[in-house]
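Here is a small set of exercises to work through with the model open beside you. Try each task before reading the solution.

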Amino acid sequence: MVGVSTHLPTADVQDPESNTRTARLREALLAAHFTADGLLDLLGAPAYAALARSETVPAVRATRGDSPLETLVRLFLLQRPVELRQAQAALPVADCLADGWLVRDGDELRASVDVRPYGGPEGQDWWIVSDLGCAVGGAGGIRGVGEMDRSQLVLGVGGASTTLAGITVRRPAAKALDLGTGSGIQALHAAQHATRVTGTDLNPRALRIAALTLALSGAGTADLREGSLFEPVGDETYDLIVSNPPFVISPGARLTYRDGGMGGDDLCRTLVQQSAAHLNDGGYCQLLANWQHVAGEEWQDRLRSWVPRGCDAWIVQREVQDVTQYAELWLRDAGDHRAGDEEYAARYGAWLDEFEARKTKAIGFGWITLRKSGSDSPSITVEEWPHPVEQPLGESVVRHFDRQDYLRATDDAALLAGHFRLADEVVQEQVGLPGAEDPEHVVLRQNRGMRRATKVDTVGAGFAGVCDGSLPAGRILDAIAQLVGEDPVLLRDRTPASIRMLVEQGFLEPVAADG
């Protein structure tokens, strides 16, 4: 693999001539079907999936021909040199040399950056630019970076990036902020629904690469600023803040793209706590984070303490690793496992020393969403949900906070007077011994969004089953009480908590009396 170059393309949408050349490059990529769908068709599912595991041999075998698409895969994904005649059949070579997308070496050409097809949420054909060898799940991970300072590497699209893009609220916004933009993927998404997009990064190289991603994908410009956390934006406020920050809890800050440079989980805590001052009323801040599980402290309480005044929060822990698993993961990420035994042991020991000093027993990973509600009684939900979900979840996030607003404003009397409908894609499962007259328990299960499941009793199952918005909850309970021979007053007294739970988790949706 060719080592990462310190030189980057100079495409600039502010320069009309460069903008025209970039447009011709984009047209050539489309003409060759150098898109997410085109790659899958060319490589086939096994080779396509192998690239995501950093295995390139199947893709090399699938691109031994001379078609323009095969040439582009070898150039930009596998980062192999190609002959000039092959490149000329696939690309406007003069334009690419002028703007620095390609570098000439005799009769061969090689790419200066990784260019990776990426499918937008509405079928758009986009391309994410990153340093050679640094497309996450791409050709060789971050090995072979050559002359480039590893601390300044800019990675491409990985699982964290796509997760954040999937959970982000996609409502029209006047202003959006991508804090720690990296290769620019979140700014690219935000540009589709925000009038003005600002991207910040501590690494100036990342800002240049983000500009390339936006230009090549035809997304126009973003206001790109250098600096840490909220320093580059002063006291500006936004309708949406997104961040895939350098959240790794590590001893020191060796790698800018992953290490926050603050002790423990202080960077994520600081980002959360400072975000409220930069949100407009009703605005959202959404980020990925790591957090410490500290001996003698509940992790849920730790995260609740981060939430700033006037904000509702929904925090979901998706995964937990003990400190040894966590250290090994990030030692491999940095390539430290390829160092000598003594050096590896020393670096491993430094991670464990850091965790021991901070009384850290495990590390959690998950999503944090804040909404600036201004409420004096904020809704703060902190939960563990390691189960599969259905992306995208942006609308599910909006509905979650809508339900919190409803429950906060609705007392039990109003709840019983309210009308509800069973959410779409909810099914009922009955669990019990074969042949038994009655089930041991009943489970309601969502097949969309968070895909939650919850146990309910006979009353809860019957209530949910007949909720179609036509009758108020109290009248439904009265009918159930008559069927099961229970005092309707007692049933009305004990059921609101169960209804609240079903609404909070999205099994029931409040509706107007007319449906």
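**Exercise 1: a bent helix**

Helix 2 bends by about 110 degrees at Gly44, with a proline, Pro46, following within four residues. The bend at a residue is the angle between axes fitted to the seven residues ending there and the seven starting there. Helices (H or I, at least four residues) and strands (E, at least two) are DSSP runs, numbered from the N terminus.

This is a predicted model, in which local features need pLDDT of at least 70, side-chain atom pairs count only at pLDDT 80 or more, and totals for chains, interfaces and linings use all residues. Residues are numbered from 1 along each chain as its sequence is written, and side-chain values use heavy atoms, with hydrogens and water left out.

Task: Work out what helix 2 spans between its end C-alpha atoms, and which of its residues are buried.

Solution:
- Step 1. Take the expected span, 1.5 Å times one less than the number of residues. A straight helix of 17 residues would span 24 Å.
- Step 2. Compare with the model: helix 2 (residues 36-52) spans only 13 Å between its end C-alpha atoms.
- Step 3. List the buried residues (under 20% relative accessible area; exposed is over 50%, partly exposed in between, with a 1.4 Å probe and protein chains only). They are Ala36, Gly38, Leu39, Leu43, Ala47, Ala50 and Leu51.
- Step 4. Look for what covers them: helix 3 (57-62), helix 4 (68-77) and strand 4 (114-119) are included.
- Step 5. Step past the end, where Ser54, just after helix 2, takes a positive phi of about 65 degrees.

**Exercise 2: a covered helix**

Task: Find how far apart the end C-alpha atoms of helix 9 are, and what its buried residues pack against.

Solution:
- Step 1. Helix 9 (residues 204-216) has 13 residues, so at 1.5 Å a residue it should span 18 Å; the end C-alpha atoms are 19 Å apart, which agrees.
- Step 2. Ten of the 13 residues of helix 9 are buried, so the helix is mostly covered.
- Step 3. Among these buried residues are Arg205, Ala206, Ile209, Ala210, Ala215 and Leu216.
- Step 4. The buried residues of helix 9 pack against helix 1 (16-31), strand 4, strand 5 (125-130), helix 8 (185-190), strand 7 (194-201) and strand 8 (223-226).
- Step 5. At the start of helix 9, a side-chain oxygen of Asn203 comes to within 3.0 Å of the backbone nitrogen of Arg205. Just after the helix, Gly218 has a positive phi of about 75 degrees.

**Exercise 3: two residues that meet helix 9**

Task: Which residues do Val154 and Thr22 touch?

Solution:
- Step 1. Place Val154 in the loop between strand 5 and helix 7 (159-167). Val154 is buried, with a relative accessible area of 3%.
- Step 2. Read its contacts (heavy atoms within 4.5 Å). Beyond four places in sequence, Val154 touches residues including Asn203, Arg205, Ala206 and Ile209.
- Step 3. Place Thr22 in helix 1, buried at a relative accessible area of 2%. Leaving aside neighbours within four places, Thr22 contacts Ala11, Asp99, Ala215 and Leu216.

**Exercise 4: the whole chain**

Task: What radius of gyration does the chain have, and where does pLDDT stay under 50?

Solution:
- Step 1. The radius of gyration is taken over C-alpha atoms, and the globule rule is 2.2 Å times the number of residues to the power 0.38. With 515 residues, a compact globule would come near 24 Å; the chain has 26 Å, which agrees.
- Step 2. pLDDT, the predictor's confidence in each residue from 0 to 100, averages 92 over the chain. It stays under 50 over residues 137-145.

Notes. A polar contact is a pair of N or O atoms within 3.5 Å; within protein, one must be able to donate a hydrogen and the other to accept it, and residues adjacent in sequence count only if both atoms are side-chain atoms.
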